[in-house]
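This report describes the fold, cores, cavities and selected helices of one protein chain. The sequence and the structure are shown first.

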Amino acid sequence: MPDRFWEVPGMSSTEMKSYLSLIPISAKVRRRQNRMTILCIVLAVFLVTAVFSMADMAIRMETSNQLNKNGNWHIMVKDISPETAAELAAQEDVAAFSAYSDINASLTENYFAGDKRAALVGADDAILQIFPGMQCSTAPADGEVLVTANIRDWLDVTVGTAIPLTLPDGQTISLTVAGFNEDTSDANQYDAVVLVMNRSTFSQIAAQVEESFETQYFIQFKPHTNLRQSIVNIENKYGISEEKISENTYLMALNASSNNDYIVGLYAVAAVLAGMVVLAGIFMITGSINSNVAQRTSYYGMLRCLGAGKNQVRMLVRLEALFWCKTAVPAGCVLGIVSTWGLCSFLRGFIGEEFSSLPVLGISPVGIICGSALGLITVWFAASSPARRAAKASPITAATGNAVENAADSPCHARLFGSRAELSLGVSHATSSKKNLLLMTGSFALSILLFLSFSVLLRWVGFALNPLQSYAPDLSVAETSGQNVLDPVLVEQLEALPEVKHAFGRMYCPLPAEYQGKQGSIDLISYDTIQFGWAKKDLIDGTLPQESEDGTYPVLTVFDKSNSLTVGDTIQLEDAKLTVVGVLNDSPFSSTDSPIVICTEETFHQLTGQNRYAVIDIQLKNTTADAAIAQIHTLLSDTLNKQVVFSNRIEGNRMIQSTYWAFHLVVYAFLIVIAGITILNIINSISMSVSARMKQYGILRAIGMDDAQLKRMISAEAGTYAVSGLVVGIALGLVLNRKLYILLITHYFGAAWQVPWGCLAVIVVVVLAAVVLAVYNPVRRILMQPITATISEL
C-alpha cells in the first residue's frame, strides 16, 4: 500500500510526504472540535503534576522541619558495648555516629540553669551534624555548653557568657556558652532549658553528683543508602535485637523506609489515593479521545475509500492523539507548577511559621515526570481502542455518516411519538456504547471515591492533633511527680482574671485494682463540670457519670488498644467498686500500661480523701497577650518551685492549628479541582456525544421532535451517566470510606464509623450541577442551527 494516497488541493506532491501529513492539517481544521479533548489532557496532566508536586514540596518541608526538630538521625541503638559502638561508627554506610547520654530528661530532679529547670546532655562532636538546629561552628570544648535559645528570655547571655548550673546537692558550677539551639518549642513548653556538652564535661558532672546514666548511640546513614537493608544488616551482624533499635519515625517515614505499623498503613492509604488520582486522569483522557474518534467515523471511512490500510488508520489515530500532547502536556505541567507555587506562597506567607521552610518556587521533577508520563502513556494507550474501531470503518461509512444507522437501530425508533420516547432514546444513546458508558461511569465513580476517601483524612487530622481539642490548654501548672499539691483556690483566682477564658484542674492517683478477673492498677483522674461537658462529644459508648447507685461509683474510661475495659465492666478497689458507664475516644492524657479511669471530683475525694490538684490548665481569650501571660506567671510565682513547673504550650498549639487549617485548605482545594474536572469531563463527553449524532438530531427534528423533547432526550443521556456513576461511586466509595476510617481512626481512637451523609449530599449536588451544565450548551447549539444545516453537517 503506497504511503501517499491523498493529495490535498493547494499542496504539491513534494509537500505531501505521507498520509501522516494530514495530522497538522486535521488539527488546524478541527481546532474547535479538538479543544475539549486537549483541555481534558491539560487538566489530567495538571491534576497529577499539581498533586505530586505539592506532595514533593510537603515532603521537602517536613524533612527540613524534622531535621531541625528531631535531628538528622535514622536509628538509635542502646545496650551495646563500646567495641560494638566503635565498629558501627566505622561502617561504610554510616555518615555520622554519636554517643548520647542525658540526665534529668524528665525534669523531675533539681538541676537549674539560673532559676529554670535544666536537662543535661552529653554527646560526641558529631552531634552537630546529627542535630543541625544547633548553631555552633565547633563542638563544645571542656566546660562549654550549647543551650536552648529560650535562656535569653530571662538571662542576658551571648556566646562566651558564663551561666551557673545548680546541682541537686546545692553546688554550683560555671559553664561557658558555646552556641545556641534555636529549636525551643519543647523547652518552652516545660519552662526549662537543655544544656548540651561534650562527654568529658558530662561525665565529670555525673560523677560529682553520683548520677548513673545510660548511653545510646545515634546513627545517620549516608544518602542513597537502602535504610531498611542497612538496619537488618546491623541486627544480623552484631546480634542486636529489634527492641534495642529505635527509629526516627518521621524521618524514616519521609524516606519511605519505616516499618512502624501505623506508618505502613499510611503508606498503603497514600498509594491507594495516588492510584485513584492517576486513574481519574486516565478515565478522563480515555473517554475524551473515545468520543472524539467516535464522531469522525465517516472521516476514517473516507480515508479507507482513498486507499488507507487498517494499520495506517490505526497509526494515524494514535499519532494524532500524541500531536495533541505537544501543547497539552507542557501546558498541564506548567499549570501544575504554577498552582503549586501559588499554594506554597500562600501557605508560607499567610498560614504560619510551621510553613517557613516550604519551598516557594521549587520545581518538582517527580511531579513533572508523573504528569508528563500520565499524559503521553495514557494518550497512547487510550487511543488504541478508538484506533482499532476507526480502522474497521468501512468505505460505506463515509457515505452514510456517523449516526444515521444508530437511529434506525434504536429500539425506541418505532415509538418515536410516544409520550416518553425521547427519554428512552436518550437512555439508549448513553447505553449504546458499552465502553463509553463504562468510561463515563468510571470517571464519575472515581471522583466520588476520591471525595469520600479524602473526607476521612479530614476527620483523621481532627483526631490526631490534640491541640485542636476543646480541652487543649494554653498554659499549665503541674507537679512533676504527679502529686496532688495545687490548691483549688488557684483555679478560682485564675478564673477571676479577665484574660482567662477557662481554668480547670485535675487530680491524679494510681490505685491497685481488680478488673476483668485480673489484678492490676488504674490511673484515677478527676474531671470537673466543664471537662465533662467537653468529654460528652468524645463519648463513643455509654453515658456520662451520674449519681452513684447501689454502692458503686460510675466512671469513664479512655479507649486504647491496650485498654480492654468496656461499658458495664466493674473495677474493684480495696474498699469500693467502680462501674464503667462510658468510653471516650480521646483524652488529654498519654497512654500508659494502666487503664485511665475518670470520675467526678466528689467521687475522687471519697475514694482517696484528696482534694488538691496535680495539674491546673489555663485557656486564654487572647493567646498573643504577653502581658496577660506574665500576670498569670506572677500570680503563680508563690506556687512554683522545684517540684511545680509552669509550661507554655501556645507556640506548639499555634503551629499545629496552622498545620490543621493548611491541611484542610489543601484537601478542599484538591476536592474542588476534582469536582471541577468531573463537571468539565461530563460536559465534554455530552458535547462530543451530541456532535457525533448531530445529523440524527436533525432528522428527529425534521420528523416532528420539538425543542422540549430534544432537551429531555439529551438530559436523559446525561442523567444516565450521572445515575450510573452515583450508584457505582457511592457503593464503592462507602466501602472504601469505611475501610479507611477503621484503619486510620477506629483502630487507634475507637470512634465508630458512621455513614457520611453530609459528604453524600455534597456529591449528589455536584453531580446534578454537572448534568445541568452538561445539557445546556449542546442543546443551545442544536436549537440555534437550522434543521437543514444540522442534517447536512458532517
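## Overall architecture

Among contacts in the protein between residues at least 6 apart in sequence, 79% join residues at least 24 apart. The model is a predicted one. Its secondary structure comprises 26 helices and 22 strands. Of the 794 residues in the protein, 50% are buried.

## Nonpolar cores

The largest nonpolar core contains 59 residues, and the members that touch the most others are Y697, I714, I745 and I763. Two or more residues of this core come from each of α9 (261-294), α16 (421-432), α17, α22, α23 (694-702), α24 and α25. The greatest contribution is that of α17, which supplies 16 residues. Another core lies apart from this one; it has 39 residues, including L475, L486, L524 and I632.

The surroundings of I745 illustrate the packing in the largest core. Residues up to four places away in sequence being left out, I745 touches V456, R459, W460, F463, L740, G750 and A751.

## Cavities

The model holds seven cavities of 30 Å³ or more. The largest encloses about 120 Å³ of space. Its lining consists of 12 residues, and those nearest the centre are S447, I448, F451, A675 and V766. Three helices, α17 (434-464), α22 (650-692) and α25 (757-784), each give at least two residues to this lining. By character, the lining of the largest cavity comprises 10 nonpolar residues, two polar ones and no charged ones.

The second largest cavity has a volume of about 60 Å³. Its lining is formed by Y471, R506, Y527, Q531, W534, A535, D538, L584, D586, S587 and P588. Helix α19 (residues 529-535) is the main contributor, with three residues. Here the lining divides into six nonpolar, two polar and three charged residues. Charged residues are thus part of the lining of the second largest cavity, whereas the lining of the largest cavity has none.

## Helix α6 and its cover

Helix α6 (residues 199-208) has four buried residues, namely T201, F202, I205 and A206. Seen down the helix axis, the buried residues of α6 fall within an arc of 135°, and they therefore line one face of the helix. An α-helix has 3.6 residues a turn, so residues three or four places apart point the same way. The exposed residues Q204 and A207 are carried on the face of α6 turned away from its buried side.

Strands contribute to the cover over the buried residues of α6, among them β2 (94-103), β4 (116-123), β7 (162-166), β8 (172-181) and β9 (192-198). Just after the helix, E210 adopts a positive phi of about 55°.

## Helix α20 and its cover

In helix α20 (residues 601-608), the residues T603, F604 and L607 are buried. The buried residues of α20 occupy an arc of 100° when seen down its axis, so they line one face of the helix. The cover over these buried residues includes β14 (508-515), β15 (518-527), β17 (552-558), β19 (577-584) and β20 (596-600). After α20 comes G609, which has a positive phi, near 75°.

## Individual residues

Is Q709 buried or exposed in the model? Q709 belongs to helix α24 (residues 707-749). Its relative accessibility is 14%, and because buried means under 20%, Q709 counts as buried. Its neighbours within four places in sequence aside, Q709 is in contact with E422 and G704.

V489 is located in helix α18 (residues 489-495). With a relative accessible area of 38%, V489 is partly exposed, since that class lies between the limits of 20% and 50%. How far apart are V489 and R612 in sequence and in space? The two residues are separated by 123 residues in sequence, and their C-alpha atoms are 9.4 Å apart in space.

Note on methods:
Residues are numbered from 1 along each chain as its sequence is written. This is a predicted model: local features need pLDDT of at least 70, side-chain atom pairs count only at pLDDT 80 or more; totals for chains, interfaces and linings use all residues. Side-chain values use heavy atoms; hydrogens and water are left out. On a 1 Å grid over the protein atoms alone, a cavity is a set of points where a 1.4 Å probe fits but cannot get out, and a pocket is an open set with protein on both sides within 12 Å along at least five of seven lines; lining residues have an atom within 4 Å of a point. Grid points are joined across faces, edges and corners, and a volume is the space filled by probe spheres set on the points. Ala, Val, Leu, Ile, Met, Phe, Trp, Tyr, Cys and Pro count as nonpolar, Asp, Glu, Lys and Arg as charged, and the others, Gly among them, as polar. Buried means under 20% relative accessible area, exposed over 50%, partly exposed in between (1.4 Å probe, protein chains only). Contact means heavy atoms within 4.5 Å. A nonpolar core is a set of buried Ala, Val, Leu, Ile, Met, Phe, Trp, Tyr and Cys residues joined through side-chain atoms within 4.5 Å. The arc is that of the directions from the helix axis to the C-beta atoms.
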